[in-house]
Amino acid sequence: MEMEMVIGSREDLNSILPFLPLLLRSSTLFWPSQVVETLKSMAAGPDHSGVNSGEALFRSISNIRNSLSLSNHRLASSSQRGYALFFDKELIGALLACAFFCLFPVNDRHVQNLPTINFDYLFAILYDGRSKMQENKIRCIVHYFRRICSNIPVGFVSFERKVLPLNNCAGSFCCPKANFWINSTIPLCQFKVKDSGLIEDQTFGALEVDFANEYLGGGALHSGCVQEEIRFMINPELITGMLFLPAMADNEAIEIVGAERFSNYTGYAFNFCFAGNHEDKREMDSLGRHKTFIAAIDALCSPGMRQYRLEFLLREVNKAFCGFFNQSKYNQYESLFLESGEDVTNHTDKSRNSLPVHESISDARENFLGTSLTPESLDHKDDIGIATGNWGCGAFGGDPEVKSIIQWLAASQALRPSVMYYTFGTGPLHHLEKVSEWILAHKWTVGDLWSMLVEYCSQISNRQTHVGFFDWLLPASSKTNLKC
C-alpha cells in the first residue's frame, strides 16, 4: 500500500519537498515499495519481521533510510546504542511510559478479556474526586519514572500464567475434585500467625499472595486502593502484566517473579499516602530477577452463603492451590493425584485460554524478548513458604476463618513448608494462632481438616449452626483455654 499525494502546481508544497521522507514521481508523493514492505513486516510482529531487539529495530530503520536515499545524512554517533538501551534494557519502563501517555489501542481489549492499561482513568478520577488517594497513587508512579531516569534497572521480571487443566487430563495431573482433598494424606504444613506487619515487608523469603481481581491489577489504574492496587503502585513493574494477561478463569492463577519495589507508603484505601523512596534490598537470582515472588489469585466476590457450598469451597481451594503449586514438584503432584483415585471424566472447561499447565512470559529490562525461560528456570530454587492474609475477605466479603483454613489446605497440598499469615488485626482471627497450634498438635492431614471444613460448611448452610468455624471445631476444654 503506497502513500500518495498529488502535488499539482502548489509552490508551498514544492518548497518543503527536500525536507520530506518521500519520493516524487509524476506529481505524486509516495513511499518506495521497499519501505512499505519493511513497515508491513514490522507491523506483523517480531516473529515475522525479526525485529526482536533494539538493535534489530535500528537496522530496520537504517534500511528504511537507505530506501529513501537518506544514508548520506548520518545519524548521531550513539543513536544505535540509544535504541538498544531504551528497547532492550528498559522495556518495562518503555511500556509504562506508553501507558502513561495513553498510547496503547484499547478498542478490542474488553473482547480479549484484558484489563485497562492506559493511565487516562487514573488522572480523570483525580479530577472527579478521591483526590488525596489518587494523587498519592500517581506520586508513586511519577517516583518510579524519576528513579529509572536516574538509574536504569537491570534484570528481568517474569510473568507466568498457571493453569490446572480441566479437560483431557486422564492419566495426568488435573484440577482436583472432592475426592482428591478428602483422600489426601499430606501432613499440614507449619502455620505461623502475625497480628502486625505487611506481606510485602516479609524478610524470610516467601511466595507473597496478591489478593487479586480476576483482571490482574484490579482497580490499580482506576479508583481502587486496597491490597492489590497498593502493591501495583509500590511495584509499578507489575502493571506491565496488565498489558498482555487476560482475566483469570477459575482454574488459573498468575505468578510474577522479580518486580522491584520503588516506594514506601502509609495508610490504606482512602488514607493511602506515598511515603518516599524505597530501596529494594532483595537478592537477585541467576536470571537477574529480584527474589520477589508474587502469586495473584482471585477469590469469589460477595459470595454470601454460597461460599459454604461444596462447589465453591472447591473453587476457592483449587484457586489457591493453583497459585501455590511449584512447577518443580509437578511429578509429585501427579503421583498424589493418581493415588487419590480422582475421576477425570466429568470436568467442564471454563478457562478462557487453551493453555498448558505452565505458560511463561519474560518481560525484560535487559533483553527485548528475554531469555528462553523453561519451567525449570522459572521455578524457585529454594523451597519457600507462603506469605498471605485475609484473601477474599474485607471488600470481597468472604469468611476470614474459612478463607484462612482454605489457604492452609492449599499450601500444604502444594507441599509448601509453611504459611505465614498476616491477620491485619482482624477480630474473628484473634485466636487463629492457638487454633492452628491445636490442629497441628493433633497431627491432622489435609484430608482430615478438609473433611471437618466441609462438614462445618454443610451445617452452616443448613442453619444447623451459627457459630464460626473455630468455635465449631474445638472441643469445650480447648475453647476455655482460648479465652484465658
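Mentor: A helix axis is a line fitted to C-alpha atoms over the stretch in contact, and angles run from 0 to 180 degrees between N-to-C directions. Helices are DSSP runs of H or I, at least four residues, and strands are runs of E, at least two, numbered from the N terminus. This is a predicted model: local features need pLDDT of at least 70, side-chain atom pairs need 80 or more, and totals for chains, interfaces and linings use all residues. Residues count from 1 along each chain as its sequence is written, and side-chain values use heavy atoms, without hydrogens or water.

Trainee: At what angle do helix 6 and helix 8 pack?

Mentor: Two packed helices are described by an axis angle and an axis distance. Helix 6 (residues 91–100) meets helix 8 (residues 131–150) at about 140°, with axes 11 Å apart. That makes helix 6 oblique to helix 8 (under 35 degrees is roughly parallel, over 145 roughly antiparallel, 65 to 115 roughly perpendicular, the rest oblique). The crossing is left-handed: the near helix is turned anticlockwise from the far one by less than a right angle, while clockwise is right-handed.

Trainee: How does helix 12 pack against helix 17 and helix 15?

Mentor: Helix 12 (residues 310–324) packs on helix 17 (residues 446–461) at about 140°, axes 10 Å apart. So helix 12 is oblique to helix 17. Their crossing is right-handed. Against helix 15 (residues 400–413), helix 12 makes an angle of about 45°, with axes 8 Å apart. Helix 12 and helix 15 are therefore oblique too, and they cross in the right-handed sense.

Trainee: In which sense do strand 8 and strand 9 pair?

Mentor: Strands pair if DSSP finds at least two bridges between them. Strand 8 (residues 263–266) and strand 9 (residues 273–277) are antiparallel, over 3 bridges. S263 has N277 of strand 9 as its bridge partner. The hairpin has 6 residues between the strands, and G267 takes a positive phi near 80°.

Trainee: What is the volume of the second largest pocket?

Mentor: Rolling a water-sized probe over the atoms shows where empty space is left. A pocket is an open set of points on a 1 Å grid over the protein atoms alone, where a 1.4 Å probe fits, with protein on both sides within 12 Å along at least five of seven lines; lining residues have an atom within 4 Å of a point. The second largest has about 420 Å³. Of its 20 lining residues, F211, V226, Q227, Y268 and F424 are closest to the centre. Helix 10 (residues 227–234) gives the most to this lining, with 4 residues.

How values were computed: Grid points are joined across faces, edges and corners, and a volume is the space filled by probe spheres set on the points.
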